[in-house]
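Reader: I should like to take a close look at a single part of this model and to see how it is packed against its surroundings. Please keep the account connected.

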Amino acid sequence: MNQKVKHLVLAAMFLAIGLVLPLLTGQIPQIGNMLLPMHIPVLLCGLICGWQYGGLVGLLLPLVRYLIFGMPVLFPTGIAMSFELLTYGLVVGLLYNNLSRWQCIKALYRCLILAMLAGRAVWAVAQVVLLGLSGSAFTWQMFLSGAFLTAIPGIVLQLLLIPTIMLALNRTGLVPFKKASSPVKKESQP
């Protein structure tokens, strides 16, 4: 199968998973805020399909979920989440697939953590702008609570589940880790 078609199909699958996965939290926003179910398929899409697909799935997922299920609330939550998830898919895909010399668990963790930090920073900027437009303020306490304290269970879940899935995909050969190519040494002739 053509690689582009394969990635398009996988991206559609990750979008569908992202639409359905939050239903497991029972549509209870507090549990969803803790487990971050939409983040997992976006991060996996960026890792497996690349930054373009991961970014696009991340951007569209909260908006499509709002159109279908009415959640997350579009303003400011859904829009800020779109920017956050766009950043997750883009950064993790770019770092892991293009900038890492090799793909392994260690590189995977580095890329995941950097993508999570970048996504939370973008989410904070989006919240500041969006809430500022509505005349509200986004405080430092709101940032710490929303980005880290409330999200600790979801962050732990992502850091356990995503590497486990990627390791399983590597072992089956479906998504093998890429090894850095070592330069071939030329033997000198006597």
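Which residues in H1 meet which residues in H3?

Author: The model is a predicted one, and the account below should be read in that light. From H1, the residues that meet H3 are His-7, Leu-10, Ala-11, Phe-14, Ile-17 and Gly-18. Their partners in H3 are Pro-41, Leu-44, Cys-45, Ile-48 and Cys-49. By class, this contact of H1 with H3 comprises nine nonpolar and two polar residues, with no charged residues.

The geometry of the pair can now be added. H1 covers residues 3-20 and H3 covers residues 39-49; their axes come within 9 Å and cross at roughly 170 degrees. Angles over 145 degrees count as roughly antiparallel, and the crossing angle therefore makes H1 roughly antiparallel to H3.

H1 also packs against H4, which spans residues 51-69. Here the axes are 9 Å apart and the angle is about 40 degrees, which means that H1 is oblique to H4. The crossing of H1 with H4 is right-handed. On the H1 side, the contact is made by Lys-4, His-7, Leu-8, Ala-11, Phe-14, Leu-15, Gly-18 and Leu-19. On the H4 side, the contributing residues are Tyr-53, Val-57, Leu-61, Val-64, Arg-65, Ile-68 and Phe-69. The classes in the contact of H1 with H4 are 11 nonpolar, two polar and two charged residues. His-7, Ala-11, Phe-14 and Gly-18 of H1 take part in the contact with H3 and also in the contact with H4.

A further role of H1 is in the lining of a pocket. The second largest pocket holds about 360 Å³ of space. Its lining consists of 18 residues, and those nearest the centre are Lys-6, Leu-10, Ile-48, Leu-174 and Val-175. Two or more lining residues come from each of H1, H3, helix H5 (74-99) and helix H8 (152-172). H1 gives the most, with seven residues. Sorted by class, the lining of the second largest pocket has 13 nonpolar, four polar and one charged residues. Leu-10 and Ile-48 link the two topics: Leu-10 of H1 and Ile-48 of H3 belong to the contact between these helices, and both are among the residues nearest the centre of the pocket.

H4 in turn packs against H5. The axes of H4 and H5 come within 7 Å and cross at roughly 165 degrees, which means that H4 is roughly antiparallel to H5. The crossing of H4 and H5 is right-handed. Among the H4 residues in this contact are Trp-51, Gly-54, Gly-55, Gly-58 and Leu-61, while those of H5 include Gly-78, Met-81, Gly-89, Gly-93 and Asn-98. The contact of H4 with H5 divides into 12 nonpolar, eight polar and no charged residues. Leu-61 of H4 meets H5 and is also part of the contact with H1.

Some features of the backbone concern the same region. Most residues other than glycine have a negative phi, and most peptide bonds are trans. Leu-36 has a positive phi of about 50 degrees although it is not a glycine, and Leu-36 is placed in the loop between helix H2 (29-35) and H3. Met-71 and Pro-72 are joined by a cis peptide bond with omega about -5 degrees, and Pro-72 lies in the loop between H4 and H5. The peptide bond from Phe-75 to Pro-76 is also cis, with omega near -5 degrees; Pro-76 lies in helix H5.

As for the setting of these helices, the protein chain has eight helices and zero strands. Along the principal axes, the C-alpha atoms of the chain fill a box of roughly 80 × 35 × 25 Å.

Conventions:
Residues numbered from 1 in each chain as written. Predicted model: local features only at pLDDT ≥ 70, side-chain atom pairs only at ≥ 80, totals over all residues. Heavy atoms only, no water. Axes fitted to C-alpha atoms, helices over the stretch in contact; angles between N-to-C directions. Helix = DSSP H or I, 4+ residues; strand = E, 2+ residues; numbered from the N terminus. Parallel < 35°, antiparallel > 145°, perpendicular 65-115°, else oblique. Contact = heavy atoms within 4.5 Å. Nonpolar A, V, L, I, M, F, W, Y, C, P; charged D, E, K, R; others polar. 1 Å grid on protein atoms, 1.4 Å probe; cavity = no way out; pocket = protein on both sides within 12 Å on 5 of 7 lines; lining within 4 Å. Points joined across faces, edges and corners; volume = space filled by probe spheres on them. Left-handed = near helix turned anticlockwise from the far one by under 90°.
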